[in-house]
Amino acid sequence: MKNFLIVACCLFISTATLARNQHCYFVSQEEKFAELPSSSELPAQRDTVLSALRITDNIRVDGNLDEAIWSQAEKTVDFIERRPNPGTKSSQSSRVSVLYDDSGVYVGAMLYDENPDSILNELTERDELGNTDFFGFIIDTYQSGLNGFEFLVTPGNVQFDATTSEDRGEDTNWDAVWSSSTSITDEGWVVEMFIPYSAIRFPKTSEQTWGLNFVRKIQREQEQSFWSEIRPDVDGFLTQAGQLTDIVNIKAPFRLQLTPFVTAIGVKQTNPAAETTKEYGTSLGGGLDLKLGLSDAFTLDMTVIPDFSEARSDDNILNLGPFEQRFDEQRAFFTEGTELFNKGGFFYSRRVGGRNYKLGSVRRGLAEGEELSDFSSKAQLVNATKISGRTAKGTGIGFFNAIEKTGTATVTDADGNTREEVIHPFTNYNVAVIDQNLPNNSSVTLINTNVMREGAATDANVTGLVFNLRNKANSYSLGGSGGYSQRFMADDTERGHRLNLTLAEITGNWQFRISYSEESDTYNPNDLGLLFNNNERNFWGRINYNKFEPFLNGFFLNGGAGMWLGQDRLYRDNKYVGDNVEFWVYGQTKHFWNVNFWTDHDYSNWYDYFEPRVEGRYVRINPRSNVGGWIGSDNRKKLRVSANFNTDRYWGDEAERREFRYNLNLRYRFSNRFSLSSYAFRGNSHGDLGYVNREDRSYTGEDGLEYEATDVFMGRRTRRVMEVGLDGKYSFTANMTLNLRVRHYWDRVNYDSFHLLNEDGNLSDTDYNDHHDLDFDAFNVDLIYRWRFAPGSDILLVYKSNVSVADQDPQRGYFNNWRKLWRNSPTNDNLSLKVIYWLDYASIVK
């Protein structure tokens with residue numbers, strides 16, 4: 001592995017913080033909690049309503065709770081376990097109070113622990129929870145039961161915040177600026193939080209009642225408990241919250257937050273095969289992110305001259321299939337506060353600032369001897385804006401807009417003459433969403449995505465409707481979505497639709513779900529969405545039994561089993577594709593090992609209409625059986641091991657076709673600051689079948705007329721995939737971390753035989769014998785130092801290195817390819833420094 005370039009940077013920046021450092025009246029911890037009753041038993045009826053106390057004195061957020069006002073506030077009773085023993089009293093007592101003033105909400109928690117020296121306290125990066133206890137404050141400010149905010153903190157004062165929604169779960173990419181402090185005492189540990197009103201949204205009413213819950217994790221017992229009981233057999237998280245009352249006469253502040261940043265980037269490109277083996281480049285830049293409160297509930301977010309140099313490298317693979325590879329979103333602007341835009345799955349943010357729209361067609365149009373140069377690998381994003389929020393009546397509104405500039409490339413012919421070609425037109429993207437909360441924690445959403453490109457390039461528009469309706473008891477739901485796509489081309493307009501309906505029982509040990517979905521053969525949302533294939537119909541049903549309490553004499557803490565049955569058909573002509581059935585079991589043992597085993601079967605021939613890459617053609621695949629499993633050891637231990645495997649076996653005349661995949665993961669925690677984890681994946685496929693080529697030809701029919709036909713050639717291949725990775729983490733403090741990620745991916749494909757695809761989907765012999773063997777390697781390193789030196793402000797020093805190569809002369813063995821990768825392949829090394837400073841109008845004015 002190559003040596004890393006080490007750069008030392010010394011920066012001194014002073015700033016004011018949100019902590020209040022004022023004179024206070026003090027009482028001791030013992031005096032403050034002396035009047036609290038013991039909690040040996042749960043009361044017959046629990047009151048999950050907590051009154052907040054308005055204060056005028058200033059609170060110092062220092063993790064001590066030594067201001068006298070804390071003793072006057074109402075305190076919670078004991079928490080109730082969700083796991084491992086649902087419905088029982090938490091093994092340790094917890095007392096929580098809530099105060100508020102004109103600037104925000106204060107949360108004080110005394111988390112008693114009989115063995116404070118056993119409190120687990122691993123330091124991690126912000127928004128990551130390692131082997132540690134934690135406490136959390138959860139609010140649903142509109143009492144919708146659908147959307148809320150989470151603020152969690154660990155004994156080491158590592159902050160974790162997220163938005164949560166009933167349909168999409170936690171969105172940990174959302175980040176707010178708030179204060180917290182913790183301390184470990186002889187009685188347990190103490191949490192003090194301050195959440196400014198600028199970090200949350202709430203209705204414009206004189207008296208507020210919020211949905212409320214508190215969560216506590218005691219990691220050494222793997223115990224998670226809540227103040228307002230969360231029953232695992234009841235669907236919904238926020239719907240089971242308690243209430244926070246008596247918040248009166250608060251106002252949302254004027255919310256204006258600016259986050260300017262500067263970047264310095266150095267690049268080195270190494271190409272052993274080029275005349276100039278090394279090239280260097282540097283650049284300086286800057287930009288601005290802006291948040292502006294348009295009202296008490298709506299916020300405008302904008303990024304001007306975007307920079308995403310700290311985003312993690314993509315995991316590239318060798319894609320031999322008929323569909324594009326999906327990449328996760330790593331850019332903060334496109335992951336924070338985007339839950340409205342992601343409703344229904346119509347928006348795929350990686351389209352924005354992604355591939356050049358016309359690059360492929362320009363390359364295919366090059367004449368012999370012409371070469372393409374001087375172009376960016378991705379479209380250049382000029383700016384992006386989003387507006388989102390929710391009214392007091394539960395109406396959520398969102399608008400997203402992004403602009404890409406025109407991209408060009410230079411074409412040079414054999415004589416040295418040059419010309420400029422447009423490879424990406426000026427493009428505007430926008431998404432508009434209206435989401436309405438309905439009674440019984442139901443909702444309905446209308447969404448529209450639109451893409452407009454300059455000139456004769458294709459424009460596109462998709463309109464979607466998403467709904468989820470529940471009965472009053474929250475035991476049944478009827479959900480679904482519909483979409484209508486339009487693509488406006490120079491001489492035609494293509495229109496298509498999609499539809500999905502799902503009926504489910506969502507509460508109880510026994511649950512079921514049945515669903516029907518379809519996409520027409522002309523439905524295409526991919527200008528701003530992601531759909532692997534259209535022209536399909538799916539019918540499926542699922543039934544599962546979940547056991548949430550210990551069973552088998554307590555050997556298993558929880559577990560369950562289920563069955564899934566489905567059928568696929570084409571939308572056009574309603575042609576049969578295949579049937580599938582799956583069974584699974586899972587459980588967690590009393591030693592906190594997790595196990596999961598499954599088997600699924602295509603119990604009849606499967607007809608694949610997409611692999612041949614020619615419309616109307618299909619390949620017949622014999623029945624298939626798959627068996628797999630996963631097992632993971634106790635994650636509280638220093639060493640954690642997990643492994644999974646699955647194997648496919650085909651029947652009939654494909655009996656020699658088989659696939660086997662396994663994955664091994666190891667993690668070792670050296671201390672509360674330092675840990676390493678590694679993984680190794682291996683996949684072997686023998687007799688795998690895939691598309692290799694097509695040839696168009698003319699022939700004379702029996703009627704003497706000339707006809708056109710396409711020959712499709714398929715290949716039987718042996719494929720070996722190896723992927724290994726190493727992740728390292730060192731936390732200097734709760735606000736300063738160093739993270740390393742190393743990944744190597746190798747994929748070797750050797751073709752054993754070629755076959756002509758017949759019209760009936762079967763294969764026949766052919767004399768086709770072109771060379772299609774392939775070897776693909778991808779290696780990348782991401783090393784990121786992050787220091788949050790002030791609220792919302794970061795210094796990031798990022799080193800990235802990546803190399804990838806595709807070779808049609810595969811070397812034998814993994815290590816031979818590893819050595820070849822470094823001898824012959826171009827390498828890109830990138831070192832960047834980014835300084836981000838957060839400016840908040842409300843804090844500055846104060």
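Tyr-799 lies in strand β43 of a predicted model. With a relative accessibility of 8%, Tyr-799 falls under the 20% cut-off and therefore counts as buried. Its C-alpha atom is separated by 42 Å from that of Pro-612, a residue 187 positions away along the chain. Strand β43 spans residues 793-807 and is one of the elements against which the buried residues of helix α3 pack.

**Overall architecture**

- The chain contains 4 helices and 45 strands.
- For 846 residues, a compact globule would be expected to have a radius of gyration near 28 Å, and the 30 Å of this chain agrees with that expectation.
- The C-alpha trace extends over about 100 × 60 × 50 Å along its principal axes.
- Among contacts with a separation of 6 or more, 64% are made by residues 24 or more positions apart.

**Burial, surface and charge**

- Half of the chain, 50% of its 846 residues, counts as buried.
- The exposed area of the chain amounts to about 39,500 Å², of which carbon and sulfur atoms supply 52%.
- The chain carries 89 positive and 117 negative side chains.
- The centres of these two sets of charges lie 3 Å apart.

**Helix α3 and its surroundings**

- Helix α3 covers residues 814-824, and its buried residues are Tyr-814, Asn-817, Lys-820 and Leu-821.
- These four residues lie on the same side of α3, because they cover an arc of only 120 degrees around the axis.
- The packing partners of the buried residues of α3 are β39 (706-733), β40 (736-757), β42 (774-790) and β43 (793-807).
- Phe-815 and Arg-823 are exposed and sit on the face of α3 turned away from its buried side.

**The loop between β5 and β6**

- Leu-123 lies in the loop between β5 and β6, and Asp-127 is found in the loop between these strands, β5 (104-112) and β6 (134-140).
- Leu-123 has a relative accessibility of 11% and so counts as buried.
- Leaving aside residues up to four places away in sequence, Leu-123 touches Gly-156, Val-158, Asn-672, Arg-673, Lys-729, Ser-731, Thr-733 and Ala-734.
- One of these contacts, Lys-729, is 606 residues from Leu-123 in sequence, yet the two C-alpha atoms are 9.6 Å apart in space.
- Asp-127 is likewise buried, as its relative accessible area is 16%.
- The phi angle of Asp-127 is near 70 degrees, a positive value in a residue other than glycine.

**Backbone features in other loops**

- Asn-249 is not a glycine, but its phi is positive, at about 55 degrees.
- Asn-249 belongs to the loop between β14 (242-248) and β15 (256-270).
- With 54% relative accessibility, Asn-249 counts as exposed, whereas Asp-127, which also has a positive phi, is buried.
- The peptide bond leading from Arg-83 to Pro-84 is cis, and its omega is near 10 degrees.
- Pro-84 is placed in the loop between β3 (80-83) and β4 (94-100).

How values were computed:
Residues are numbered from 1 along each chain as its sequence is written. This is a predicted model: local features need pLDDT of at least 70, side-chain atom pairs count only at pLDDT 80 or more; totals for chains, interfaces and linings use all residues. Side-chain values use heavy atoms; hydrogens and water are left out. Helices (H or I, at least four residues) and strands (E, at least two) are DSSP runs, numbered from the N terminus. The radius of gyration is taken over C-alpha atoms; the globule rule is 2.2 Å times the number of residues to the power 0.38. Buried means under 20% relative accessible area, exposed over 50%, partly exposed in between (1.4 Å probe, protein chains only). Contact means heavy atoms within 4.5 Å. Accessible areas come from the Shrake-Rupley method with a 1.4 Å probe; for residues, only the protein chains shown count as cover. Lys and Arg count as positive and Asp and Glu as negative; His and the chain ends are not counted. The place of a charge is taken as NZ of Lys, CZ of Arg, CG of Asp or CD of Glu. The arc is that of the directions from the helix axis to the C-beta atoms.
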